[in-house]
Every structure is written in structure tokens, then in C-alpha cells.
Amino acid sequence: MIKRIVIVLTIVLLSNTGFAGKPQKWEELPKAVQDTVLANGGKSGMTVDLEPKMIDGKKVYEAELKDKDGKIIDLVITEDGKLAEIKTDGNADSEREARGAEVLKGVKFSNPRNITNLYLPLSNTKLDVLEGKEGGAKLRVERTAKPEMKKSFKIGDQMVETLVFEDRAYEDGKLVEVALDYFAQDDNGTVFYLGEDVDEYEDGKIVGHDGSWLYGKDTPAPGVIMGSKPTVGQKWRTEDVSDEIGEQNEVVSINETVKTPAGTYDNCVKVKEDLADGTVEYKYYAPGVGVVREQPHDGDVFLKSHEAINAK
């Protein structure tokens with residue numbers, strides 16, 4: 001999913017199970033932690049995770065870097081700078097696999113393309129246009145349903161067919177990214193995010209695919225976009241792929257009013273997003289519509305128009 005914009009497990013369970021660390025900027029780290037990172041091959045300025053656990057009453061940080069053989073490792077460091085553990089990439093893969101199994105435990109997909117979630121009714125959305133600014137540039141995102149496109153994922157013994165959306169992002173009028181996003185709704189009404197194919201553009205030409213990932217290929221853990229009944233404090237992961245591709249979400253309000261060029265929307269759900277690069281964004285979801293506002297750390301984007309399939 002474009003980063004500028006954008007259970008039979010309940011979201012309450014998701015909020016308490018397998019939740020990874022919160023990315024911390026370098027300047028936010030205790031000096032003792034910084035010193036240990038640097039002494040073990042890390043670099044000044046890198047992002048380090050604050051973990052949701054403690055060791056001997058001390059906060060715990062994890063830093064991903066490469067060892068002398070080029071293998072990915074995670075340094076587990078307490079707030080006083082003590083190196084408590086060195087984990088290999090295999091540990092991270094095992095943890096991600098366990099989280100994926102927990103998220104999908106007992107989940108069934110009888111009609112996955114029929115996405116009727118109150119706050120993300122994708123099956124009734126034809127085209128959304130969002131406009132605003134990010135990083136000093138004028139941003140426009142065109143989000144278009146592609147019901148004619150088919151892509152399926154094997155989840156357990158089920159073949160789950162997704163609903164596909166295309167996001168086209170423009171900065172100052174120039175196309176910078178096109179992404180195909182894959183969504184499915186389970187029988188409880190939770191909307192899952194199963195990956196994206198990304199094309200990055202420069203001067204009209206594709207220059208990369210940064211951010212692309214697919215469930216079952218790049219990660220054993222699917223993402224969750226929206227629960228069936230969001231409440232304040234609920235948490236989930238929209239992306240759980242790697243240290244570079246990851247997003248942790250938390251519902252912080254369910255009664256926001258958002259004014260946009262497309263109209264004024266009441267009772268919106270506000271979701272806080274902690275991104276892998278250490279920045280924080282917010283998204284607002286309106287009942288019966290979907291995303292109506294997105295707040296990256298250096299901008300603000302609003303829904304300009306919403307075209308529903310059943311619009312008269």
C-alpha cells in the first residue's frame with residue numbers, strides 16, 4: 001500500500017499477541033544503547049526498536065544489523081547498554097511465522113472479495129481521490145477498484161481470492177508510484193491485507209519496486225487493515241514483512257469529525273500508525289466511505305471525491 005496515504009480472532013486478541021517493538025529514532029535512544037550498537041558494527045542514525053518487554057526491570061531495545069559474515073542479526077540491548085542476546089534472522093522469521101499463525105487461527109474466508117466492513121467498504125468503492133501536501137510537495141492519490149483483476153493466496157487449506165485496488169500517486173503533477181493492493185474480508189468482517197505489487201516511477205519510467213511484498217512469498221504473516229468492530233486501544237499489524245516493511249497500528253479514537261473537500265464526516269475512526277522508519281502517521285476512516293484523511297508526519301491529505309458503485 002502506498003505509504004503516503006495510504007478476526008475468528010478478535011482485534012482485542014491481536015492487541016495482546018506477538019506485538020513487536022516500537023521504532024525509535026537514534027536521538028531518542030539512551031547513550032548506553034547507542035554505544036553498544038556502535039561497538040557491535042551499527043551506525044549512528046539507524047533506527048532501533050523499543051520492545052514491549054523488560055529484562056531485570058530494564059527497558060529492552062533491538063537493533064538489526066549485519067555481522068562480519070554479512071548475516072542479519074538482532075542485538076537485544078537493555079537500557080543500561082548491556083548486550084543481553086544476539087538473535088539471528090532465523091529467530092525473526094520464526095517469530096513472524098508464529099504471529100501469522102496466531103492471526104489466522106480459526107479464520108474463514110467464505111466470500112473474501114465481498115468487503116463490507118463499515119469503515120472500509122471496498123466492495124462499494126469505485127474511485128477515491130485524495131489530495132494534499134507531503135514533504136512540501138503537492139500530493140494526489142487516485143485509488144481505483146479493479147474488480148476484473150484476480151489474485152489468490154493460499155491460506156491454510158483455503159484459496160482466498162482478493163479484491164484488487166490500484167493506487168496511483170502523483171507529486172507536483174508527476175507520477176511517482178503505482179501500487180496494486182490485495183484485500184480480503186473474513187467471515188467476521190475483518191479486512192486483511194495480503195500484499196502489494198509496487199512500481200516506482202521517475203520521469204515516466206519504472207525505476208524500482210521498493211515496498212513490494214506478498215503473503216506466502218515474502219512473509220508468513222498477513223496484514224490487518226481494519227477490524228469488524230474497532231474500539232479505542234485495539235492494535236494490529238498492517239504489514240509484518242521485515243524490519244524495512246512493517247507497520248503497527250492502534251485505534252486512538254472512534255468519534256472524530258473530519259472536514260474534507262468531499263464533505264464532512266462524523267464518527268470517524270482515527271488510527272495511529274508506527275512505521276518501520278520510526279515516523280508516525282494517522283489515518284481517519286469514515287463509516288460507509290473508508291479513508292477520508294491521512295496525516296503523514298510532514299503533511300496532510302484529504303478526500304477530494306468519493307465515487308461509490310451504487311451511487312445514483
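**View A. Lys31 is an exposed residue, with a relative accessibility of 56%.** The model shown in this and the other views is predicted. The partner of Lys31 is Asp35: the two residues form a salt bridge in which the closest N and O atoms are 3.0 Å apart. Both residues belong to helix H2, which covers residues 31-39. They are four residues apart there, about one turn of the helix. Asp35 counts as partly exposed because its relative accessibility is 38%, a value between the limits of 20% and 50%.

**View B. A salt bridge joins the side chains of Glu131 and Lys304.** The distance from N to O is 3.6 Å. Glu131 is in strand E6 (residues 125-134) and Lys304 is in strand E21 (residues 299-308), so this contact ties together parts of the chain that are 173 residues apart in sequence. Both ends of the pair fall into the partly exposed class, Glu131 with 28% relative accessibility and Lys304 with a relative accessible area of 41%.

**View C. Arg143 and Asp167 form a salt bridge between buried residues.** Their side chains meet at 2.9 Å, N to O. The pair links distant parts of the chain, with Arg143 in strand E7 (residues 137-145) and Asp167 in strand E10 (residues 163-171). The separation between the two residues is 24 residues. Arg143 is buried, as is Asp167. Each therefore has under 20% relative accessible area.

**View D. Salt bridges link Arg96, Arg99, Arg237 and Asp240 in a network.** Side chains of opposite charge can pair when their charged atoms come close. How many salt bridges does the structure hold? The count is 14. For the charges of the protein as a whole, 42 are positive and 58 are negative. The mean positions of these two sets are 3 Å apart.

**View E. Strands E4 and E5 pair in the antiparallel sense.** E4 covers residues 72-78 and E5 covers residues 83-88, with five bridges between them. Asp74 stands opposite Lys87, a residue of E5. The two strands make a hairpin with four residues between them. In this hairpin Gly81 takes a positive phi near 95 degrees.

**View F. Strands E8 and E9 form a hairpin with two residues between them.** E8 (residues 152-155) and E9 pair in the antiparallel sense over four bridges. One of the bridge partners is Glu161 in E9, which is matched with Ser152. Gly156 lies in the turn and has a positive phi of about 65 degrees. In a regular strand the side chains alternate between the two faces of the sheet. Which residues of E9 point to the buried face? Along this strand (residues 158-161), Gln158 and Val160 point to one face and are buried. Met159 and Glu161 point to the other face and are not buried.

**View G. Asp56 and Asn267 each have a positive phi without being glycine.** Most residues other than glycine have a negative phi, and most peptide bonds are trans. Phi is about 55 degrees for Asp56 and near 55 degrees for Asn267. Asp56 lies in the loop between strand E2 (48-55) and strand E3 (58-66). With a relative accessible area of 69%, Asp56 is exposed. Asn267 is placed in strand E18, which covers residues 263-275. At 47% relative accessibility, Asn267 counts as partly exposed.

**View H. The whole protein, shown for context, has three helices and 21 strands.** Its C-alpha trace spans about 65 × 45 × 40 Å along the principal axes. A compact globule of 312 residues would have a radius of gyration near 20 Å, and the protein agrees with this because its own value is 20 Å. Of the 312 residues, 48% count as buried. The accessible surface comes to about 14,800 Å². Carbon and sulfur atoms account for 48% of that surface.

Conventions:
Residues numbered from 1 in each chain as written. Predicted model: local features only at pLDDT ≥ 70, side-chain atom pairs only at ≥ 80, totals over all residues. Heavy atoms only, no water. Salt bridge = Lys/Arg side-chain N within 4 Å of Asp/Glu carboxyl O. Buried < 20%, exposed > 50% of the residue type's maximum accessible area, 1.4 Å probe, protein only. Rg over C-alpha atoms; globule rule 2.2 N^0.38 Å. Areas by Shrake-Rupley, 256 points an atom, 1.4 Å probe, with all protein chains shown as cover. Lys, Arg positive; Asp, Glu negative; His and termini not counted. Charge placed at Lys NZ, Arg CZ, Asp CG, Glu CD. Pairing = 2+ DSSP bridges.
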